[in-house]
Amino acid sequence: MGIFSRRQSATLEPTSAAGPRTPFPEGAGPGDALDPALRALTGQWTIDRPHSRIGFSVRHAMVTTVRGAFGDYDSTLYFDGARPSESRAEIVIRIASVDTGVEQRDAHLVGRDFFDARRHPEMVFRSTSTVHEGGGTFRMTGDLTIRDVTRPVELQLDYLGSVLDPFGYERAGFDGTTTIDRTDWGLVYNQRLEAGGSMVSEKVRLQFDISAIRHTAPE
């Protein structure tokens, strides 16, 4: 599942694995036993920022897609490989860290037309349940708060496997995606096109491309 933190590195416990672990037996379905390798991943993890991305994409002017990401965030994650329902995650994103590659567009996004970051500086996701759907796929349900409006969302989370990297860090990879209607959170600004349709789509795809490293308490 997605894991998010401001920390870029951590001291990790070495594992005996010499190469990547495969996620789950092909064809496994809901209720099937999880791969034993996943049980070894139980514990707290933290994001490796240089190899991860928390981003979004939205259709612009009906014909192209604008992509962006948030660079400043805090979070906590506990992953339970034996009992996925016990897994949990929280992420707190600073809106002012949005980056779409265009300075003027970023300023518009943090302004009153969209996020209004001065009055609502953070966007928060807190998980409420996690379900193993079979294979390497999980469904995490949680509350997403934007502009002080909180609504439930569901993330599809794909476990990509784990590996002991050349530096001795135990890594696990996850991809998470969901699509939301931004107007549900009060993000209603738009412009109509002469030919019909909207300048900015109401549908926004959230994307979590995560490389996580195991977190260990300092000795």
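Me: How many bridges join strand 5 to strand 7?
Reply: There are 5 bridges, and the two strands run antiparallel. Keep in mind that this is a predicted model.

Me: Which residue stands opposite Ile93 in strand 7?
Reply: Met123.

Me: And how does strand 4 pair with strand 5, parallel or antiparallel?
Reply: Antiparallel, over 6 bridges. Strand 4 covers residues 73–79. Tyr73 stands opposite Ile93 of strand 5. Ile93 therefore faces a partner in strand 4 and another, Met123, in strand 7.

Me: Why is strand 5 largely enclosed by the rest of the structure?
Reply: Because 5 of its 7 residues are buried.

Me: Changing topic, pockets. What volume does the largest one have?
Reply: About 630 Å³. It is lined by 34 residues.

Me: Which of those are the closest to the centre?
Reply: Phe56, Val58, Leu109, Phe114 and Phe115.

Me: Which elements give two or more residues to that lining?
Reply: Among the strands, 2 (53–60), 3 (64–70), 5 (88–94), 7 (122–134), 8 (137–146), 9 (149–164) and 11 (200–214) do so. Helix 2 (103–110) is on the list too.

Me: What does the lining look like by class?
Reply: It has 26 nonpolar residues, 6 polar and 2 charged.

Me: OK, the core. How many residues does the largest nonpolar core have?
Reply: It has 42. Phe70, Phe115 and Leu144 have the most contacts inside it. Strand 11 gives the most to this core, with 6 residues.

Me: Phe115 came up with the pocket as well. What does Phe115 touch?
Reply: Not counting residues up to four places away in sequence, Phe115 touches Phe70, Ile95, Leu109, Val110, His120, Ile146, Arg147 and Leu187. Phe70 is another residue with the most contacts inside the core. Leu109 is also one of the residues closest to the pocket centre.

Me: Any backbone oddities? What is the phi of Asp116?
Reply: It is positive, about 55°, although Asp116 is not a glycine. Asp116 sits in the loop between helix 2 and strand 7.

Me: Is Asp116 buried or exposed?
Reply: Buried. Its relative accessible area is 5%, and the cut-off for buried is under 20%.

Me: And Arg147, what is its phi?
Reply: Also positive, about 55°, and Arg147 is not a glycine either. Arg147 lies in the loop between strand 8 and strand 9. Phe115 touches Arg147.

Me: Switching to Ser57. Where is it?
Reply: In strand 2.

Me: Buried or exposed, that Ser57?
Reply: Ser57 is buried, at a relative accessible area of 9%.

Me: What is Ser57 in contact with?
Reply: Leaving aside neighbours within four places in sequence, the contacts are Thr65, Val66, Arg67, Val204, Arg205 and Gln207.

Me: Now the whole fold. How many helices and strands?
Reply: The protein has 2 helices and 11 strands.

Me: In what order do the elements run?
Reply: From the N terminus on, α-β-β-β-β-β-β-α-β-β-β-β-β.

Me: What share of the residues is buried?
Reply: 47% of the 219 residues.

Me: Last one, contacts with a separation of 6 or more. What part comes from residues 24 or more positions apart?
Reply: Such pairs account for 62% of those contacts.

Conventions
Residues are numbered from 1 along each chain as its sequence is written. This is a predicted model: local features need pLDDT of at least 70, side-chain atom pairs count only at pLDDT 80 or more; totals for chains, interfaces and linings use all residues. Side-chain values use heavy atoms; hydrogens and water are left out. On a 1 Å grid over the protein atoms alone, a cavity is a set of points where a 1.4 Å probe fits but cannot get out, and a pocket is an open set with protein on both sides within 12 Å along at least five of seven lines; lining residues have an atom within 4 Å of a point. Grid points are joined across faces, edges and corners, and a volume is the space filled by probe spheres set on the points. Helices (H or I, at least four residues) and strands (E, at least two) are DSSP runs, numbered from the N terminus. Ala, Val, Leu, Ile, Met, Phe, Trp, Tyr, Cys and Pro count as nonpolar, Asp, Glu, Lys and Arg as charged, and the others, Gly among them, as polar. Buried means under 20% relative accessible area, exposed over 50%, partly exposed in between (1.4 Å probe, protein chains only). A nonpolar core is a set of buried Ala, Val, Leu, Ile, Met, Phe, Trp, Tyr and Cys residues joined through side-chain atoms within 4.5 Å. Contact means heavy atoms within 4.5 Å. Two strands pair if DSSP finds at least two bridges between them.
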